[in-house]
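The exercises below ask the reader to work from the atoms of a model to statements about burial, packing and empty space. Each task is followed by a solution that goes step by step.

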Amino acid sequence: MTGAALSLAWGGWVAVGVALLTALAALRAGRIRRLAVAALALAPVAASSLLINALLPAGGGGLTTAVAALLRLLGATLPLTLLFATTEAPDLLSDLEARGAGRRAVFVLGAALAAVPRAQARAVDVIEAQRARGLDTEGSWRRRLHGMLPLITPLIIGSLAEVEDRTMALEVRAFGAPGRRTLLHQPPDSRGQQVARWATAALLVLGLAARAVAVAIR
Amino acid sequence: MPRSATRTLVLMPVAIALNIALGSTVQQALKLPIYLDSVGTVLTGVLAGPLAGAATGVLTNLIWAYVLPPPLQAPTAGPFAITAAAIGLLAGLWGWLGVFRSRRAADPPSLLFALGAAVAVALVIAYTFSRAYTHPGAINVSELVFVAVVTVFILVAAWLLFARRDAGAVLVLAAGLVTGLVAALISAPIAAFVFGGVTGSGVDLIVAGFRTAGLGLYQATLQQGLLSDPLDKVITCLLVFLVLAAMPRRLLARYPNGDRLVRSGSLPD
Amino acid sequence: MIVLDEAAYRYPGSSAWALPPTSLELRPGEVVGVSGANERGKTTLCIVAAGLAPVTIGGELRGRVLIDGRRTVELAGHELAQRCGVLFDNPSVQLTGLHRTVYEEVAFGPCNLGLPAGEVHQRTRSALDLVAAEHLAGRHPGHLSGGETQLVVLAGLLALRPANLVLDEPTSRLDPERSLLVADAIARLAGTGVSVLLAEHDEELLARVCRRVIEL
């Protein structure tokens, strides 16, 4: 995360460095493919940006701006992607809670991750229904819109109704109880990891401060 | 823990998932610049207040960009978490003001109020557009777009007011436009700084068009945003409005903003 | 023990009384069935008896509802949870979706109470044992059948050691085989002294496990 923040602030060579470091770490962790896919997801933006900024440099855009922006983006995206690619969400959440994040924040994050595939499946059903009516290729934009809205509305209504049931189900499991929750798993935390954490935090603070100073001087 | 807090906590993940699910399917299916990836954010803001709405927006973008595995992962969404937060905050404001309350068959004062809001919003659009461009060469494009947007808005508002007598819908329309405007204003510098002014999709051609007309990076990005964001947000807000109007009151009443959403005795259980 | 004394309830924002003044007594170890065609009425009675209405979902309660001698309106959500568990008909919405194993899912309740780890483990194991679901402990909660899910949710409720249990159409989405699993669990529970209020449309099931049945 420090890498991401520093890339955004400094851009340029720092971002390149961060990106390379991340790639190396990904190789070691066996996650290079995931990182590559994320980088590829940025490709359309990259292509578009380079093209437009190279051809139409007026008013603040230009190849250098485009490249700088891209490097910033890459430097920001890759480390964060790696973080979530290497750490299992439940472990990350347990760790957060152990450090005092509170059961509510942990619940929201965990439940959101679990809810996405479900909601995705329902949305796909809507799309399939549209496709069955042949509306994705033939219909005019008006027909497509009119066809889709009556399908999306139940999706949203269903989500709200689900909230009621889930609220009761949570309360019945004493979710509203005060005080700290018991944590069954304590993720291991070696001395080395602690040192690394402090070092990165210091690096972050210094890096951001230096950038602020550089901007102020100019 | 206060009673409504658990409900809000349960709503947020559902809303986040809704955002991501709609956002990754609707635009592809409709082939229009309508994403509906803020439906959950607006819903949460209106029902549970600005902080919950903002949190929903921010978490949606962050999870979508970095936590989800491919093929769902969309790294381009990350930096726009700030915009999403703004949308959530605004939605909280609308909820608190009671904008999303159903007001069918409204009385003259309500209609006048709605009309006033519509005029105010039209003026805001005018001001924003006039600030958005600086290069004289671009004057025709911006003015055309500006006139078109205001005309459409006034036509739709008039239809809603007089043909459907639904003052609530006009207010929602206005709210959607303002939200869209703010979203565009906040997104433009983000897009310019982080992405070099593009999004990697078809709308970049519009940006290119503006740039050819001589607009600067920021202005071109802003113009593109002003074209697509208000449309998306207006439809989002109207959709949320429709959904809330169709919900039985007992499901809405327990939310923090619940009492601003239901007028006593007006809707069936 | 659950007592309803002329209890009437209406949902928030509603003018109609969803539950007309009702009196009911559920004694320790007793299994009482609630039948009738009115789905909404049965559900309302269930959540009023358990205290979820009005404590969690709001609304207005007239008359008194007492669980083990305490009025439901005077208790907080987590206190109610430890006195009365509630099982609903839809298995999947009752799972938290936060845990990778059934064991952790069942331990969720005791963990929320902040109990010492040793006690959490003990309660989780005995709850799984009570519903005969120990073999599911290592499985992922999302990969279970409807019936297995209901058993897991039930175990999760029982881990809080409530003396009362309200079941709202627990087998309506299950096939007959799975329904039997749940029915057996209910019978075993009653044997341990837990009072059970069972709302069901399945007459056979009601006849099997209930001592008496109330018609709504």
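**Exercise 1. Locate Glu169(C) in this predicted model, and decide whether it is buried or exposed.**

Solution. Begin with the secondary structure: Glu169(C) sits in the loop that links strand S7 (164–168) to helix H7 (176–191) of chain C. Next, take its relative accessible area, which is 5%; since buried means under 20%, Glu169(C) is counted as buried. Finally, list its contacts, leaving out residues up to four places away in sequence: Glu169(C) touches Glu39(C), Lys42(C), Asp89(C), Ala199(C), Glu200(C) and His201(C).

**Exercise 2. Determine how many residues of helix H4 (residues 102–112) of chain C are buried, and describe what follows the helix.**

Solution. Go through the helix residue by residue: Val102(C), Tyr103(C), Glu104(C), Glu105(C), Val106(C), Ala107(C), Phe108(C), Gly109(C), Pro110(C), Cys111(C) and Asn112(C) are buried. The count is therefore 11 of the 11 residues, so H4(C) is largely enclosed by the rest of the structure. After the helix, H4(C) is followed by Gly114(C), whose phi is positive, near 75 degrees.

**Exercise 3. Classify Leu149(A) by its relative accessibility, and find the separation of its C-alpha atom from that of Ala169(A).**

Solution. Leu149(A) belongs to helix H8 of chain A. Its relative accessibility is 25%, and Leu149(A) therefore counts as partly exposed. Along the chain, Leu149(A) and Ala169(A) are 20 residues apart, and their C-alpha atoms are separated by 31 Å.

**Exercise 4. Describe chain A and chain B by their elements, buried residues, contacts and accessible surface.**

Solution. Start with the elements. Chain A has nine helices and zero strands, whereas chain B has 12 helices and zero strands.

Then turn to burial: in chain A, 40% of the 218 residues are buried, while in chain B buried residues make up 62% of the 269 residues.

For the contacts, consider pairs at least 6 apart in sequence; of these, 68% in chain A join residues at least 24 apart, and the corresponding share in chain B is 70%.

The last step is the surface. Chain A exposes about 11300 Å², with carbon and sulfur atoms supplying 68% of it; chain B has an accessible surface of about 9800 Å², of which 70% belongs to carbon and sulfur atoms.

**Exercise 5. Identify the residues with the most contacts inside the largest nonpolar core, and trace the contacts of Phe107(A).**

Solution. As background, nonpolar side chains tend to be buried together in soluble globular proteins. The largest nonpolar core here has 79 residues, and those with the most contacts inside it are Phe107(A), Leu160(A), Leu36(B), Leu47(B), Phe100(B) and Leu244(B). The element that gives the most to this core is H1(B), with 11 residues.

Now follow Phe107(A) outwards, leaving aside its neighbours within four places in sequence: Phe107(A) is in contact with Ala112(A), Leu170(A) and Phe175(A), with Leu9(B), Val10(B) and Pro13(B), and with Leu98(C). Another core, of 70 residues, lies apart from the largest one, and Leu24(C), Ala53(C), Ala137(C) and Leu189(C) are among its members.

**Exercise 6. State how many cavities of 30 Å³ or more the structure holds, and characterise the linings of the largest and the second largest.**

Solution. The structure holds five cavities of 30 Å³ or more. The largest contains about 180 Å³ of space; 17 residues line it, and the closest to its centre are Phe107(A), Ala111(A), Arg166(A), Leu95(C) and Thr96(C).

Assign this lining to elements: helix H7 (103–132) and helix H8 (141–171) of chain A, together with helix H1 (3–23) of chain B, each supply at least two residues, and the largest share, five residues, comes from H7(A). By class, the lining of the largest cavity divides into 11 nonpolar, three polar and three charged residues.

Repeat the procedure for the second largest cavity, which holds about 70 Å³ of space. Its lining consists of Ala115(A), Arg118(A), Ala119(A), Arg122(A), Ser159(A) and Glu162(A), with Val14(B), Ala17(B) and Leu18(B). Two or more residues are given by each of H7 and H8 of chain A and H1 of chain B, and H7(A) has the largest share, four residues. The classes are five nonpolar, one polar and three charged residues.

Methods
Residues are numbered from 1 along each chain as its sequence is written. Chains are lettered from A and ligands numbered from 1 in the order in which they are written. This is a predicted model: local features need pLDDT of at least 70, side-chain atom pairs count only at pLDDT 80 or more; totals for chains, interfaces and linings use all residues. Side-chain values use heavy atoms; hydrogens and water are left out. On a 1 Å grid over the protein atoms alone, a cavity is a set of points where a 1.4 Å probe fits but cannot get out, and a pocket is an open set with protein on both sides within 12 Å along at least five of seven lines; lining residues have an atom within 4 Å of a point. Grid points are joined across faces, edges and corners, and a volume is the space filled by probe spheres set on the points. Ala, Val, Leu, Ile, Met, Phe, Trp, Tyr, Cys and Pro count as nonpolar, Asp, Glu, Lys and Arg as charged, and the others, Gly among them, as polar. Buried means under 20% relative accessible area, exposed over 50%, partly exposed in between (1.4 Å probe, protein chains only). Contact means heavy atoms within 4.5 Å. Accessible areas come from the Shrake-Rupley method with a 1.4 Å probe; for residues, only the protein chains shown count as cover. A nonpolar core is a set of buried Ala, Val, Leu, Ile, Met, Phe, Trp, Tyr and Cys residues joined through side-chain atoms within 4.5 Å.
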